[in-house]
Structure formats: structure tokens, C-alpha cells
There are 2 protein chains.
Amino acid sequence: MGATRELAAYIVSARHESLPADVRHEAHRALLNYVGCAVGGAREAAVDIAIRTLARYSGAPEAQVLGRSERFDALHASLMNGISSHVHDYDDTTPKNYIHPSSPVASALLAYASTERVSGADFLLAFVLGFEAESRVGNAVYPSHYDVGWHITGTAGVFGAAAAIGKLLDLREQNMVWALGLAATQAAGLREMFGSMGKAFHPGRSAQSGYLAALLAREGFTSGEYGIEGPRGFAPVQSRTYDLAKITDRIGTHFDLRENTYKPFPCGIVIHPTIDACIQIARSRAIQPSDIAAVHLRVAPLVLDLCNKKEISVGLEGKFSVYHAAAIGLVRGKAGLREFTDETVNDADVKAVRLKTVATADPSIAEDAVRVEVELANGQRINQHVDHAIGNLGRPMTDRELEEKFRDQASLVLPAQQVSELIALCWKTGALADMSQLIAAAVPRA
Amino acid sequence: MGATRELAAYIVSARHESLPADVRHEAHRALLNYVGCAVGGAREAAVDIAIRTLARYSGAPEAQVLGRSERFDALHASLMNGISSHVHDYDDTTPKNYIHPSSPVASALLAYASTERVSGADFLLAFVLGFEAESRVGNAVYPSHYDVGWHITGTAGVFGAAAAIGKLLDLREQNMVWALGLAATQAAGLREMFGSMGKAFHPGRSAQSGYLAALLAREGFTSGEYGIEGPRGFAPVQSRTYDLAKITDRIGTHFDLRENTYKPFPCGIVIHPTIDACIQIARSRAIQPSDIAAVHLRVAPLVLDLCNKKEISVGLEGKFSVYHAAAIGLVRGKAGLREFTDETVNDADVKAVRLKTVATADPSIAEDAVRVEVELANGQRINQHVDHAIGNLGRPMTDRELEEKFRDQASLVLPAQQVSELIALCWKTGALADMSQLIAAAVPRA
């Protein structure tokens, strides 16, 4: 049996009861993080354009788009959900393969679940299976596949969406093989799109294409039998080196979902330690911006290669300025989406602290670490060291921190009361009789 | 200026008046061949499944699918047209890059033209530009890209569809750059799908994805600026070696369309010489099947590697049997779609001649050649040599032969009178005020 069929056989046979409790909990965390990203990104220009452009081509408006009042057919809703959930570069990451795994899978599943009755338990199982299928196909080709220039979130994501939707469609093994094959032959997404809307298009299109693959396969649309491993299949064609054993190694007992991480701050990852340290200082004692005489940062050299801009005026520049990172941490005590707007970048207090910040490259400092010293006007010095920035696997965001992040994102689009309701529903997903309850709470109310 | 922008600039600026007369004529031939394939394939199972599965997800039914009475939104109609026009493996080929070029481009264009008023002149220009964009991007990465396992009809096709639709949408240069970039990041299609419905899915999906790329780009959905040539763009990622100069070399004066070829027979290309020779014998004199004592074929060794099956019972096997090839040539004097049905394979006369046929591998015979000797019951011997089978660039199908092929295909789906009308309209394309006239003739009438 080849890798494609082995993976198909596992997906077809897996049962909700066999999911370990910690995996179920991590699935809830991933879903919470996903929904916050999708709702929070729903008003971005890329989503607006896709919605405006594709309304004409949509089937019956049966599926909700998270964070929006417009409805689409489920395939188009998958696309929109995928774009909005990745557009802030704020969704989850499996560090072992650089995939942003939840978006392609959950974007398709939530579109499906807004057109068919799906229990929370079935939803969670499909989500975990889609996540694993995607991450494991990714593992098989990582790092060669990523290094050559594929945006692995799109290329592996299509397998995840096909597996997840195929599970809800209750495909038999042969049809699941075809679903994975039709996914393989749609695997696309180039890193050349980074910095453009094309990047967020990838998880959207992979959600939509994977969903399409599962629908066609159910009706008997055939693919090659060895879509992943065949000599002209996904792995040999799209990666110079690969290890097919990783696709099914310990499948069903080992879950990549356990190694999922969540981004605490919507900005370049190398400035996360600085933000983390400065937030810790701000939280440990009350400091007024005017109290600050100078801020000294000792950072890894890479930080200054990537984020050395101090004279900035727009929000996007703030995402790649270690000086801005220090300033918002100290002045605002947080670094959510609002801390990377044009307004915040030009805020007088933030700007004043930014200009008082000095950074020194120090090869002895690791990339996920920082040494911060704040010099106060009264001569006092506050030191804060971070060895592993929050959000890393070794120092994961807590459930409560994920909720805070969610509030920050979702409140851009939904009223506070509804945001709280939605958070509660996300935590209860596994017990919901019908996922439409959660979906209804994720769209603006009339 | 990079390759993507140079190509975009050419597409945006090209005018119908600048197309040489022979290129216009070849465009009509390609279109005639395409429409015959699309109409002729419209009742195949792959099309039925796609139509049945996707009806629910279609937007307003404004676009015709060739050969079908169902209507879809234009994106879905592009997909259906692409599947039907490739499902018989009977569409055109540019031998220099192995692309089946018309399907991705015309499938999208005809879907578009059934929702918007498009003149024949504008249509032809968009078709030629789409064809050139696709073929030239293909040239840049061929053969490495094809050898590694990409189905180049799908991967290059998406550029053709984006360019063609983008031209009809009158995109400006920047938007055309994005259309090509969004095409690049959807370039997919694995040769591992050969032998399954997934193969015909490729030109369909590339037509649909290219169309989508152009629509999004028009509304300002951005892509990377160097989708083709950037370090993480299409060419470096999807080909081990490539030559970007081929994309715009002599563009506007040299047309790949001039080197387009059309398949005379819907079967393995290596048995075309045998069919060709046997048809020539059958046409040169009246022979009854019972007159034939034996048929001796001297063929290239590859022919017997690929097509050495004599005991066959289903139509698909006939497509890869050099014995069946000889039998239908001699008995039927033709080799259209009907000669590769189960019925014909089991026809008593065809079977009798097939069993009397013997083939010998001869390394001195080229792959596009054959030596045939028919031994009659009266002892007479008829010899026919073919050095270059019909359909090759050096011996192209005539306009009249293309019409015969068209009749054979389209009459599976449309009445004879309508087929004649449609042929006439295809030849008149460049002069039509509105392409909807042609499209209306390509679908069954109530």
C-alpha cells in the first residue's frame, strides 16, 4: 500500500473517541486562535476585493463567511475564510514544517458546517484529521519543498482541506484516495507572493481546492492512485528530497497538533522577544513615558538586519521595527493589531520612547532572546531578560492569553458581548450539537 | 523590466490589426479543432460528474458549457469546457513543449463570451495572446519542467487563460502583472494523474484559475511583481533549468501558434502511422475484410513496447493496440471516436482483420513511420509506406480533414445540420459581431 492509500485508510477509519484528551484541548485552542484571526481579518482589503469580485460567481448563499454579513456558496466561503484568517500573518504555525495549519482546514470545515448540520464532535475529529494530514504531508517534503520556494501552507494545506471535508462527507477509502489525488494535483502557492495579497490567497485557495477535491471524489471523479508518492506525484515533483515514511509514522498516536504554536504579536517574529520583555517591564511597575530617559536593547544580529528602522510613519513599518516593538511594549503594555496601525506609530508617547531606544547587535544573544535595560529619568535602571519569547513551543501562550488575543482581533469586527459569547462557544466546540451555533456568533448581527 | 512585466506589457498593447493573416487563419483552425473536441467530449463521464457535483456551487447560470444544455457561472463553465475538450486526448499540441494549448485558453474565453458581448475580432486576438503567453511560458521551462512530472498543459495553461481573459477585461499593465502573478501561484497539475479523470481536470482547472486571476487582478488584488521570474517564482520553483528569454523573444512577430498540430486520431500517437497507411490502402481500392489473408506491419520498436495487445475487448484498449489500428484503417477507412468504442473493438470484421495482423519491431523504422503489407486471399500484395504520419508539423491536417474530424466528434452530441452550421461559424469567427452566435450553435437546441 502506498502513502496516499495508507493516509486515506487512516482518515476513513479514525474515530472521535480515539483522540487523546490533550489533543482535543489543543484542537480547541487552535480553533479559538483560528476564529479570532478569521473574524479579525474579515474587513481587510484583500477580503473586500475577493467578496466584491466573486459575488457574481457564487452559488446559492448558504455559507457564512466569518466576520462578514455576506453569504456565499461553501466553496467560495472557504476561499474568503482562508484569506481573512491569514491576512494579518497572525495565525498558527507548526514550527517543524513552517505550515500555518489551521487556516486551510478550518476555513473549509466552517464553510461546510454552515451548510450542513455538523456536530462539534464530528467537526473536531475532521479538524484534527485535516490538520494531521496537512502537517504530515508537509513533514514528508520539508525542508526541501519550502526551501525551493513553495508556500507550504498552500501546498500542504490543500491535502488538509480535502481530508477534513472528505471525512465529513464520509468518503470510503477509494474515494478518499481520489480526494487526496485531486488535492495533490492542485497543490500550488509560491513564496514569491510574500508581501502581496497573494500570500493570504494561498490558504484560501487551498481550502477551496481541497473542498472541491473531496466533492468530486465522492461522486466518482477519479485521480491517479498514487497522488502523493507516485513517480510523477506531489512529493517527487514538488520536492528535491522527501521522506514518505513521515506521512504515516505513528499516525493515530502521535499528533502534530500537540506541537502547534500561536503568535502572540502580529509582527516580525524576531522582534517578539523585545515586545515580550518590555510588556513584562510595563506590567511589573507603573512607568509613564515621560519617566523614560533611554531604552537599551541587546539583540541577535539578525534583528538589526531585518528590523532596524526607527524613522517610521505607517503601521506596516512598525511590524518590522525593533524600536517600535520596545515602545509599544513599554507604553501600551501590549502588542495587538491596534499597536501596528498608522495611528499608533504616530502617537506622541510611542514615538518619543521609540526615538529614545537604542539597539545593539550581540552575537551571544539567541534569536528568541533579548536583554532590555530601561533607564529612567531619576537614574534608576530596570533590567529584563527574555531567553525564550512567549509563543515558542517551550513557552506556549496560555488559554487566557489566547483569549486576550482573540478579543483584540475579534473586537475590530464584533461587539464585545458577542466576542465573549464566541470565545465561550469556541471552548465548547466538542460538545456542540450543531456547529451553526458557533458560526452564527462569528458573523455580525443585523 | 522582468519577464512577467514584459509579457504583461505586450499583452496589454497588442492589437488585432497586428496579427499576420496566416496566424489568424491558424487561430481559426485551432478554434475549430477546439470546439469539436469540447462538443464531442461533452457527454463523457468526467463532465457528467463535474456538472452533477458543482451545480449546487454555481453562480447565476449565465454561461454556456459547450455541448451541454446546463448553464453555469463563467468560472464553472470554464472548468467544464476544459474537461470536455481534453477528455478524449484529442485536442491540439505544440510539439516543441508538449502543451495542449487551446483548451485552457478557449475554455475560459468561450465561457466569458457567453456572458459578455465579445466581437469575433476581439475574441481571436485574446485567443492568440493567451496561446502565446501559455506556450512561451511553457517554452521557458520545457523540457525540465515537463520531465520532472508537471502536466504542462495545466501549469502553463493557467497563464494563457489569465492573459486571454485579462485582455478581454482590458487590464492595465500593472493589473496584468498581478493577473500573471496570481496565475503563477495557482500553476498546478501532475502527470501522475495520467490515465485518470484528473488529467482532463487540468486544462479545466487552469482555465478557471486563470480566469479567476484576471478577475481578482482587475479589482486590485495584488500578487508578487515577479510571479514568473522571481527567485521564488514559477520558473525557479517549478523547473530545474529555464530560459526566461524565451518568454518575450521575438514576441509579436514570431507566433508559436504557427507550429500548432492537430491529432487526426484519438489514440496513442505511436500507432498513428499504421492507421494513416491502412486508411490510404482502404481509400485506394475496395477491399472486403474477407479478401484479407494477412497484414504485416514493420514498426518502430517503441510501438510494440506500448501498443502490442491483440486480444482486446474494450474501446480503451483499442487506443493502444497497433493491431486494432491496422484493422480499423483497412475495414473502416477511418479512425474517429466511433472506431475506439467497445462495439467496434468487438465488431466481427474488425476483429477478424486484427487477428490476421502481425507486427515486427524494426529499429530502422522511425517512430512516425511504418511499412505495411497487406496480403490478399488471391495472393496479391499491397504495400504502403508512411514516412511521416499525418498530423505532424511536416504534414499537417488540411482544413477539410479538420472539418471531417469535427463532424465525427460533434455529431456525437449535435444533429448533422447544426454541426455544419457550427463549422461554418468557426471559420467565420474573426468576422462575427458577437461570439454568442457561435456559442449558441455549440449547445443542444431545445
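In this predicted model, the largest nonpolar core holds 243 residues, and the members that touch the most others are A:Phe127, A:Leu180, B:Phe127 and B:Leu180. A general point helps in reading such a set: in soluble globular proteins, nonpolar side chains tend to be buried together. For A:Leu180, setting aside neighbours within four places in sequence, the contacts are A:Thr4, A:Leu7, A:Ala8, A:Phe159, A:Ala162, A:Ala163, A:Gly227 and A:Ile228. A second core, separate from this one, has 39 residues, among them A:Ala277, A:Cys307, A:Ala369 and A:Ile390.

The helices of chain A come next. Two packed helices are described by the angle between their axes and the distance between the axes. In chain A, helix H9 (residues 173-184) packs with helix H10 (residues 198-218) at an angle of about 145°, and the two axes are 8 Å apart. The crossing of H9(A) past H10(A) is right-handed. On the H9(A) side, the contact is formed by A:Asn175, A:Trp178, A:Ala179, A:Leu182 and A:Ala183. H10(A) contributes A:Ser209, A:Gly210, A:Ala213, A:Ala214, A:Leu216, A:Ala217 and A:Arg218. By type, the residues of this contact are eight nonpolar, three polar and one charged.

Helix H10 of chain A is also the place of A:Ala207. This residue counts as buried because 37 C-beta neighbours lie inside 10 Å, where 20 or more are needed. Beyond the neighbours within four places in sequence, A:Ala207 is in contact with A:Ser78, A:Leu79, A:Asn81, A:Gly82, A:Pro104, A:Ser107, A:Ala108, A:Gly157 and A:Ala161. As for A:Thr429, its separation from A:Ala207 is 222 residues in sequence and 21 Å in space, C-alpha to C-alpha.

Attention now turns to the strands. Chain A has an open sheet of four strands, ordered S4-S3-S5-S6, with mixed pairing. Its edges are strand S4 (357-361) and strand S6 (381-386) of chain A, each of which pairs on one side only. From one strand to the next, the twist averages 15°. Within this chain, strand S3 (residues 292-299) and strand S5 (residues 370-376) pair in the antiparallel sense over six bridges, and A:Arg298 stands opposite A:Arg371 in S5(A). Helix H16 (residues 322-332) of chain A packs on the sheet and touches S3, S4 and S5 of chain A, with a direction about 125° from that of S3(A).

Chain B can be read in a similar order. Here too, four strands make an open sheet in the order S4-S3-S5-S6 (chain B), and the pairing is mixed. Strand S4 (357-361) and strand S6 (381-386) of chain B are the edge strands, each pairing on one side only. The twist averages 15° from one strand to the next. Strand S5 (residues 370-376) of chain B runs antiparallel to S6(B), and six bridges join them; B:Val374 has B:Ile382 in S6(B) as its bridge partner. Across strand S3 (292-299), S4 and S5 of chain B lies helix H16 (residues 322-332) of chain B, running at about 125° to S3(B).

Finally, the two chains meet in a contact that takes 49 residues from chain A and 49 residues from chain B. On the side of chain A that touches chain B, the elements giving two or more residues are helix H3 (45-54), helix H4 (74-86), H9, H10 and helix H11 (234-238) of chain A. The residues of that side are 23 nonpolar, 18 polar and eight charged.

Technical notes. Residues numbered from 1 in each chain as written. Chains lettered and ligands numbered in written order. Predicted model: local features only at pLDDT ≥ 70, side-chain atom pairs only at ≥ 80, totals over all residues. Axes fitted to C-alpha atoms, helices over the stretch in contact; angles between N-to-C directions. Left-handed = near helix turned anticlockwise from the far one by under 90°. Contact = placed C-beta atoms within 7 Å. Nonpolar A, V, L, I, M, F, W, Y, C, P; charged D, E, K, R; others polar. Core = buried A, V, L, I, M, F, W, Y, C linked by C-beta atoms within 7 Å. Buried ≥ 20, exposed ≤ 12 C-beta atoms within 10 Å, placed from the backbone. Pairing = 2+ DSSP bridges.
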